[in-house]
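Hi there,

Here is the structure I promised to pass on. Have a look at it first, and then read on for what turned up.

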Amino acid sequence: MTKQILDWYMDAEKELRLVEEDIQQAQTVHDSVLGSMTEHPYILHTIRLEGMDPKLIGLLCEKRKKLKALRWQAEEFLAKVEDPYMGTAIRLRYIKGFSWQQVADEMSGNSEESIKKMVYRYLKKMDKGGNPL
């Protein structure tokens, strides 16, 4: 589950930005209706209505909450990683979106394959309930 959350992190960040934009754009709904006065002379005129679509705002806010929770889970996991080398490799790959080659270049000292294997083994160990040390 840990690896899956980390895999989803970048996509969740992108979707969160889009949901935030949608919330801002969905704030106001505009419409107009025809109406008249209740008494004589009954003149027909246009009445403008503005307001929020509560269903849409509710759905978008719920989605935003779930995406923020996913982001929080990933950050909580990373906060528990006490090995600075492993924490840096995981952050570069899953949070910053670096390719494995870029992670290896940044970390210097290990090849792309060795860092990839170390991270995968570490995440597999964590998924089995291992100690994040």
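A definition to begin with: the expected span of a helix is 1.5 Å times one less than its number of residues. Please also keep in mind that this is a predicted model.

**Helix α1**

With that rule in hand, try α1, which covers residues 2-25. At 1.5 Å a residue, its 24 residues should span 34 Å, and because the C-alpha atoms at its ends are 34 Å apart, the two values agree. The helix does have a kink, though: a bend of about 40° in α1, centred on Y9.

Which residues of α1 are buried? They are T2, I5, L6, Y9, A12, E13, L16, V19 and I23. You will notice that Y9, the centre of the kink, is on that list, and so is the charged residue E13. The cover over these buried residues includes α2, α3 (84-95) and α5 (112-127).

T2 is worth a click of its own. This residue sits in helix α1 and has a relative accessibility of 16%; buried means under 20%, so T2 counts as buried. Not counting residues up to four places away in sequence, T2 touches F77, L123, M126 and D127.

**How α1 meets α2**

Two packed helices are described by the angle between their axes and the distance between the axes. For α1 and α2 (residues 54-80), the axes come within 8 Å and cross at roughly 145°. The crossing in which α1 passes α2 is left-handed. What kinds of residues make up the contact of α1 with α2? There are 15 nonpolar, two polar and nine charged residues in it.

Following the chain on from α2, you reach the loop between α2 and α3, where V81 lies. V81 counts as buried because its relative accessibility is 10%. If you want a sense of distance, pick V81 and H45: they are 36 residues apart in sequence, and their C-alpha atoms are 66 Å apart in space.

**How α3 meets α4**

The second helix pair to look at is α3 with α4. Their axes come within 9 Å and cross at roughly 145°, and here the crossing is right-handed. On the α3 side, the residues that meet α4 are Y85, T88, A89, L92, R93 and Y94; on the α4 side, they are W100, V103, E106 and M107. Sorted by type, the residues of this contact divide into seven nonpolar, one polar and two charged.

V103 deserves a closer look. Is this residue of helix α4 buried or exposed? Its relative accessibility is 0%, so V103 counts as buried. Leaving aside neighbours within four places in sequence, V103 is in contact with A89, L92, R93, F98 and I115. The last of these, I115, is twelve residues from V103 in sequence, with 7.9 Å between the two C-alpha atoms.

**Loops on either side of α4**

G97 is found in the loop between α3 and α4. With a relative accessibility of 39%, G97 counts as partly exposed. Apart from neighbours within four places in sequence, G97 is in contact with M10 and L92. Between the C-alpha atoms of G97 and Y120, which are 23 residues apart along the chain, the separation is 16 Å.

The loop between α4 (100-107) and α5 holds S108. This serine has a positive phi of about 45° although it is not a glycine. S108 has a relative accessible area of 52%; exposed means over 50%, so S108 is exposed.

**A stop in strand β1**

Finally, go to S36 in strand β1 (residues 29-36). S36 is partly exposed, at 37% relative accessible area. Its contacts, leaving aside neighbours within four places in sequence, are Y42, I43, L44 and H45. S36 and T46 are ten residues apart in sequence, and 8.4 Å separates their C-alpha atoms.

If you have the viewer open, a pleasant route is to begin at Y9, the centre of the kink in α1, then visit V103 in α4, and end at S36 in β1.

Best wishes

Notes:
Residues numbered from 1 in each chain as written. Predicted model: local features only at pLDDT ≥ 70, side-chain atom pairs only at ≥ 80, totals over all residues. Heavy atoms only, no water. Axes fitted to C-alpha atoms, helices over the stretch in contact; angles between N-to-C directions. Helix = DSSP H or I, 4+ residues; strand = E, 2+ residues; numbered from the N terminus. Left-handed = near helix turned anticlockwise from the far one by under 90°. Bend = angle between axes of the 7 residues up to and from the residue. Buried < 20%, exposed > 50% of the residue type's maximum accessible area, 1.4 Å probe, protein only. Contact = heavy atoms within 4.5 Å.
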